[in-house]
Amino acid sequence: MMRLHSSRVPAWCRAVAACLTVGLAGSCGVSQQQEVELGASTAAQVRAELPLLKDAAVVKYINTLGNQLARATDTRNLAWTFTVVDSKEVNAFALPGGWVYVNRGLIERATNMSELAGVLGHEIGHVTLRHSVQQMQQAQGANVGVSLLCTLTKLCEGGAGQAAIGIGGSALFAKFSRTDEAEADAEGVATTVKAGISPRGIPEMFQVLLRERKTNPGAVDAFFASHPLEEDRITATEALIAQYSASQLQRLTRDTPAFQAFRRRLLALPPSPAPKKP
Ligand SMILES: [Zn+2]
């Protein structure tokens, strides 16, 4: 793995790295501003490397749904941005500070709105729980800022485009612990309910992906590499959902005409570009 040239490392990265290097990791937190700066600089690199859908109706829908969820749980008033990546692979990832990406391939496989909402709720959970920031704070060594950037995007690797498109930030999730994943799942359940959306889409989407792994494993490799998904995540989310009363769950929205129009629009767009060759 090549290192990013040091001149490309933002000042805040060097500050965090220096801070950790002198052994103050415990007392040297990453501020919200630093978190947002990390997200913004990584989002700029994602924009340069990944094919992002700019279709106005697509952008509008994903941001409306994403913000409905984020506003239900975010207590820090982050400026959230939701983006559909034009890739037929199944994947989703989030950057610190509130940038959330979902691949077109995942949305096309969702059968109802609550399934997409569950994925967004999970990714929002990684941001609100500051999972990648915590990793950065726990990391050691002068290259911590640089290596997080590398981990998030794979942009440090030669011929970055292919890795970025194929895996699209999944390395971020590969670094998340099972505890982080379980926490993000729990956040996903709580957030969808707070937003008035059925949480049942979360275990449902897991089932869709497990079925897909049997029939078309290549399309979901990236997702499974980054989101260890076993039956226990289905069981755990179903147990969380069972804590709500049947009447409360019944009042929550499971699907909308707007979601179905959004999904049809994605299906009707020209095929996703092939991943860039390194
Ligand atoms: Zn996750």
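Helices, as I name them here, are DSSP runs of at least four residues, numbered from the N terminus. I note at the outset that the model is predicted.

**Entry: helix α5.** I looked up helix α5, residues 113–128, and compared its span with expectation. At 1.5 Å a residue its 16 residues should span 22 Å, and the end C-alpha atoms are indeed 22 Å apart. I found 15 of the 16 residues of α5 buried. After α5 comes Arg-130, which has a positive phi near 55°. I also found Arg-130 in a network of salt bridges with Glu-35 and Arg-76.

**Entry: the zinc ion.** Which residues coordinate the zinc ion? I recorded His-122 and His-126, each through NE2, and Glu-181 through two OE entries, at 2.1 to 2.4 Å. Because His-126 lies in helix α5 and Glu-181 in helix α10 (residues 178–194), the pair ties together parts that are 55 residues apart in sequence. Both His-126 and Glu-181 are buried. The angles among the four donor atoms run from 54 to 128°, and the site is irregular.

**Entry: salt bridges.** My search of the whole structure gave 10 salt bridges. One of them joins Asp-86 and Arg-104, with N to O at 2.8 Å. Asp-86 lies in the loop between β1 and β2 and Arg-104 in helix α4, so the pair ties together parts 18 residues apart in sequence. I found both Asp-86 and Arg-104 buried.

I then looked up Arg-233 and Asp-185, whose side chains meet in a salt bridge at 2.7 Å, N to O. Arg-233 lies in helix α13 and Asp-185 in helix α10, so this pair ties together parts 48 residues apart in sequence. Arg-233 counts as buried because its relative accessibility is 8%, under the 20% cut-off.

Conventions: Residues are numbered from 1 along each chain as its sequence is written. This is a predicted model: local features need pLDDT of at least 70, side-chain atom pairs count only at pLDDT 80 or more; totals for chains, interfaces and linings use all residues. Side-chain values use heavy atoms; hydrogens and water are left out. Helices (H or I, at least four residues) and strands (E, at least two) are DSSP runs, numbered from the N terminus. The expected span of a helix is 1.5 Å times one less than its number of residues. Buried means under 20% relative accessible area, exposed over 50%, partly exposed in between (1.4 Å probe, protein chains only). Donors are N, O and S atoms within 2.8 Å of the metal (3.2 Å for Na, K and Ca); water is not among the atoms, so sites may look incomplete. Four donors count as tetrahedral if all angles lie between 85 and 135 degrees; four count as square planar and six as octahedral if opposite donors are over 155 degrees apart and all others between 65 and 115; anything else is irregular. A salt bridge is a side-chain nitrogen of Lys or Arg within 4 Å of a carboxyl oxygen of Asp or Glu.
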